[in-house]
2 protein chains.
Amino acid sequence: MEEHKQEGKITINDVAKAAGVSKGTVDRVLHDRGEVSEKSREKVLRVIEELGFKPNMYASMLASRKHHIIQCLIPEFFTGEFWSLTDKGIAEAADLVSRYGVEVQPVRYDQYNIESFQKVCEDILQNPPSGVIIAPMFRAETLRFVRELSARGIPYIYVDSKLEDDDYFAYFGMPMYQSGYLCADILTMDQDVKKVYLVRIARDKKGLSDPTLTRRTGFLDYMSEHYPAATVQNVIIDPIDAGKIDETLDEAFADDHQKKYIVMLNSRVHLVASYLKRKNITDCRVVGFDVLEKNVAALRSGQVKYLIAQHTDKQTVAAVNALVDWIILGKTVAQKDNYTQMDILNNLNCDYYM
Amino acid sequence: MEEHKQEGKITINDVAKAAGVSKGTVDRVLHDRGEVSEKSREKVLRVIEELGFKPNMYASMLASRKHHIIQCLIPEFFTGEFWSLTDKGIAEAADLVSRYGVEVQPVRYDQYNIESFQKVCEDILQNPPSGVIIAPMFRAETLRFVRELSARGIPYIYVDSKLEDDDYFAYFGMPMYQSGYLCADILTMDQDVKKVYLVRIARDKKGLSDPTLTRRTGFLDYMSEHYPAATVQNVIIDPIDAGKIDETLDEAFADDHQKKYIVMLNSRVHLVASYLKRKNITDCRVVGFDVLEKNVAALRSGQVKYLIAQHTDKQTVAAVNALVDWIILGKTVAQKDNYTQMDILNNLNCDYYM
DNA sequence: TCGATTTCCGTGTACGGTAACGGATAAATA
DNA sequence: TATTTATCCGTTACCGTACACGGAAATCGA
């Protein structure tokens, strides 16, 4: 492996000499630490400009020996569930930026328990990190939390979905409306569709931020634009009870002997898939979201035809990088809202997705 | 922005103390510089493992004061063509790793002129970089070149496609066979397909590496497995002459009044698209590859239904990162062959692809 | 006017590595 | 046994920046 010597690099000493001051003074100017006469200051700044001095980041990081912590606020989860991919992203990001002396910590809370969320928020504010990444679940609480962060000048990034505040440093996530629209396109696929089943889960939503609502709008818009005659039948299932799912779906499909078009707009399409498997139903086209292990398994074994997915791991990595760029290099993110790509997966390309 | 002091970080001195040697010895072990007894070596390695020592790359870069150059060998191109995305990746990677004092340089050659390729290879060997990334076009020449690189211990990574040598450091690219297979699936999409048109371009292939051959195999395998009765009609067009394209395609489609299934297995599907637009033909389903500007335009305006794409920019970034990890941190790549995902694009999700 | 501040600035050391240098010890040779 | 040679390893001088410390000069107050 060949190496090239760093050619004539300007150091802080060169600047000091050229400006007729000591490196201490140059450093004070560089960091606006005061205690420098206006005259020296100007002289130093001029010399820096003339020589094109750029501080050596390695030396700087080494000498300052600070390290930064970025905390990622995501719900607890079991292996293979939706958030595991995000979690994988956190780990990956942690590994990547550890070289910069930046630590990335996951902070988990129970998404069904608002107190647990409040608790972790408090903890974070107790000993504030350099930046926060947050997947919002509880709207009001999250807004209160980020207001605190703003007040303390701590940048935060939304991932997965974002809330209606304006102080966030950036957002990385899927365009929800369009994902619903696309989903309808994939589901119907130019075919002669008379009826689609929109399977939803019963969920007591009190103050929960539910981005899939936007997605549903996109889906329904597509349907009414392209298939105005088709009916969209809502089917509400209870995710807890498999027996009840069978009952509900049996009833919904009772009179329908045609090819069935079934869609779920959240990550739980595997529930439908396992129903279909149990009942050995094959004449249907099922589309869902997100690459949970169970969903991918259903893709492979054929119950689910397509999954629309996003690389939540990559999103997280991007979010962390954006924060690091800002915190260490003072570089702002190119664009605040980053709508990441929607991936269309079937059994042929899902193996290459990871 | 808060800062945290680096808590108990393991340094080379800690390792030295724990292993009962001097940091000089630890450094020799770290860099395989020899002059260390097997006993000390093992001891040091064990301690490193136990303590989880990770060299501070800032200190390392500062002390070693060298800078590295990575050169990327890709064909010349016009804006919007296939290689522009790769080129974008090079720029992005260059920006990312500049923090490490690593420079990334594109090196371009004329893909229709073997001498120009030989010329840049010579130039590179004249003043060898720390690593090379190469998109192989001329098989024999490339093999000769990489053999030279191997001999000099310079790691090289293939992107886009790879050749049948074994010394490459890594490969980042699409699984070509599977991409053809997937393409057929997307093209036929469960429908009653009797005939597909496989449009190809006339190309004098002498020693050219043509990865789309593998893709074609995948495509044809899918067809014979799923649509054994369907015919695949090859249509050879001349990319230079639009008038001739019209003629050829007119003739090919002359007797066919059904919905037409058309596919191109390289990035030139926009040629077919513009023919269809000129002739105002709409009853067809066209699938192609790669996100050239023209292809995406055809996707938006409807002549092309699906594009199968890969993030060649991301591939390049990954390749550069892999080299940097190796060159600077001595970290080998997790897996040698990295088959990146195949993206399915239509007019609804293509906007979010960049 | 003279000590007390305040303002400004140079010096020195630490940061965690790298690598040249030369010394000590053991092995090989005469 | 004396001497060369090879092997192994500790010492030390950096790398470029950050920042504490203390001193000199300038300003101030009475």
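**Helix geometry, chain symmetry and the surface near DNA strand D**

In this predicted model, helix α5 of chain A comprises 16 residues, 82-97, and at 1.5 Å a residue should span 22 Å; the C-alpha atoms at its ends are 24 Å apart, in agreement with that expectation. Several positions of α5(A) are buried, and these are A:F82, A:W83, A:L85, A:T86, A:D87, A:G89, A:I90, A:A93 and A:V97.

The relation between the two protein copies was examined by superposition. A turn of 178°, combined with a shift of 1.2 Å along the axis, lays chain B on chain A with an RMSD of 2.3 Å. The two copies are therefore related as by a two-fold rotation axis. Within chain B, the C-alpha nearest this axis belongs to B:Y58, at 1.3 Å from it. Both copies use the same surface, since 95% of the contact residues of chain B recur in chain A.

DNA strand D is surrounded by 27 residues, of which A:I12, A:N56, A:A63, B:S22 and B:G24 are the closest. Two or more residues are contributed to this surface by each of α2 (23-30) and α4 (57-64) of chain A, and likewise by α2 (23-30) and α4 (57-64) of chain B. Helix α4(A) gives the most, with five residues. By residue class, the surface near DNA strand D consists of ten nonpolar, eleven polar and six charged residues.

How values were computed: Residues numbered from 1 in each chain as written. Chains lettered and ligands numbered in written order. Predicted model: local features only at pLDDT ≥ 70, side-chain atom pairs only at ≥ 80, totals over all residues. Near = placed C-beta within 6 Å. Helix = DSSP H or I, 4+ residues; strand = E, 2+ residues; numbered from the N terminus. Nonpolar A, V, L, I, M, F, W, Y, C, P; charged D, E, K, R; others polar. Expected span 1.5 Å × (residues − 1). Buried ≥ 20, exposed ≤ 12 C-beta atoms within 10 Å, placed from the backbone. Least-squares fit on C-alpha atoms with pLDDT ≥ 70 in both. Contact = placed C-beta atoms within 7 Å.
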